[in-house]
Amino acid sequence: MSEMRTSIGTLGLRNPITLASGTCGFGQELADFVDFDTLGGIFTKAVTQEVRPGNPMPRLAETEHGLLNSIGLANPGLAGFLRDRLPWLQAQSCAVLVNVAGRCPEEYMAVLEALNDQPGIDGIELNVSCPNVREGGIAFGTDPDVFSRLVRQAREVYHGLLVVKMTPQVSSVSRMAALAEDYGADALSMINTIPGMAIDVHTRRPRTVTNTSGYSGPGIKPVAVAQVWQASRACKLPIVGIGGITCVTDVIEFLLAGASAVQVGTASFRDPDLAARLVIELNQWCDEQGVKEVMELIGAVRPW
């Protein structure tokens, strides 16, 4: 059997397969379908300071090659998470990383402060794709100065593993990755969704209430693999690859591009047990290919 262990910075994982934020709830929702003891980890749904009901329906639309979503970060809020969701997560043997979001820096910092030193939390995933209400709605992750300040503040407040979830909507992913490293991030996760739109030709209305939505699934995988590769060449931070994973060769592509682990997201809606099967299939693939340790694959692409 090949050695499947990998790491995200100082956090060791028993294998590179994790569940993606926003697609697995807080884990317990999938407990009847997924054996969490087989996974490397889980990235939870976003947690904000206050309860957020999210956007009204319709807020999901399946397309030919992926999924449009405008959920709007619906979540039970910080107090609800700590009271109702964290106890189940604390009982899991896989790594647990909590996605954190907010409308302004103070909201982020309030959540980060509350999560400091909480048992059962192995790190946080800073969601920088949120609109900054103080900057006219611009996403935190798209403006280099705003992004740098948020990462620096988060580093000052949060004492544990700080993973920054990068938005793909930037002119230079390499520059943003380097800034994340400079201002204290321990790792990156990438990519978040890209803007997309679908229209019902009969009603002539967009298929989600926000008109444009976040697009995920197989259609974005080449973009995600490219950005992981670019970021891996621009900084020394470990990277968690996200975007369109549906089979074991998708996982391997991300590892070869420079990811140390991956998140399985949209495909879990159709096949909740996919992530657990990918752990088995990755081990089998490595055995067949003579790969003794999965970490041999990280960044092993041979560019032309």
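**View 1. Asn211, which counts as partly exposed because its relative accessibility is 41%, and its backbone.** Partly exposed lies between buried, under 20% relative accessible area, and exposed, over 50% (1.4 Å probe, protein chains only). The model shown is predicted, so local features need pLDDT of at least 70 and side-chain atom pairs count only at pLDDT 80 or more, whereas totals for chains, interfaces and linings use all residues. Residues are numbered from 1 along each chain as its sequence is written, and side-chain values use heavy atoms, with hydrogens and water left out. Asn211 has a positive phi of about 70° although it is not a glycine, and it sits in the loop between β13 (205-206) and β14. Helices (H or I, at least four residues) and strands (E, at least two) are DSSP runs, numbered from the N terminus.

**View 2. Leu73, another non-glycine residue with a positive phi, here about 55°.** Leu73 belongs to the loop between β6 and α1 (77-90), and because its relative accessibility is 24%, Leu73 counts as partly exposed. Most residues other than glycine have a negative phi, and most peptide bonds are trans.

**View 3. Cis peptide bonds before Pro58 and Ile191.** The bond from Met57 to Pro58 is cis, with omega near -5°, and Pro58 lies in the loop between β4 and β5. The bond from Met190 to Ile191 is also cis, with omega near 15°, and Ile191 is found in the loop between β10 and β11.

**View 4. The open sheet of 4 strands, in the order β5-β6-β14-β11 and with antiparallel pairing.** The edges are formed by β5 (60-63) and β11 (194-196), each with a single partner strand, so one side of each is left without a neighbour in the sheet. On average, neighbouring strands of this sheet are turned by 35° against each other, direction ignored; the axes are lines fitted to C-alpha atoms, and angles run from 0 to 180 degrees between N-to-C directions. Two strands pair if DSSP finds at least two bridges between them. A hairpin joins β5 to β6 through 2 residues, and these two strands pair in the antiparallel sense over 4 bridges, with Thr63 standing opposite Gly66 in β6. Further along the sheet, β6 is joined to β14 by 3 bridges and runs antiparallel to it; Leu67 stands opposite Ser216 in β14. At the β11 edge, 3 bridges join β11 to β14 (residues 213-216), again antiparallel, and Gly196 faces Ser213 across this pairing.

**View 5. The closed barrel of 8 strands, β3-β4-β7-β8-β9-β10-β15-β16, with parallel pairing.** The twist averages 25° from one strand to the next. β3 (residues 17-19) is joined to β4 (residues 41-43) by 2 bridges, in parallel, and the bridge partner of Thr18 is Gly41 in β4.

**View 6. Strand β9 (residues 162-165), covered on both faces.** Leu162 and Val164 on one side, and Val163 and Lys165 on the other, are all buried. In a regular strand the side chains alternate between the two faces of the sheet. Two parallel neighbours can be followed from β9: β8 (residues 123-127), joined by 4 bridges, and β10 (residues 187-190), joined by 3 bridges. Val164 stands opposite Leu126 of β8 and opposite Leu188 in β10. β9, helix α4 (residues 173-182) and β10 make a right-handed β-α-β unit, meaning that, with the strands pointing away from the viewer, the path from the first strand over the helix to the second runs clockwise.

**View 7. The second largest pocket, with about 280 Å³ of space.** On a 1 Å grid over the protein atoms alone, where a 1.4 Å probe is used, a pocket is an open set of points with protein on both sides within 12 Å along at least five of seven lines, and lining residues have an atom within 4 Å of a point. Grid points are joined across faces, edges and corners, and the volume is the space filled by probe spheres set on them. The pocket is lined by 13 residues, of which Glu62, Gly66, Pro218, Thr266 and Arg270 lie nearest its centre. β5, β6 (66-69) and α7 (267-270) each supply at least two lining residues, and α7 gives the most, with 3. By class, the lining has 4 nonpolar, 6 polar and 3 charged residues, where Ala, Val, Leu, Ile, Met, Phe, Trp, Tyr, Cys and Pro count as nonpolar, Asp, Glu, Lys and Arg as charged, and the others, Gly among them, as polar.
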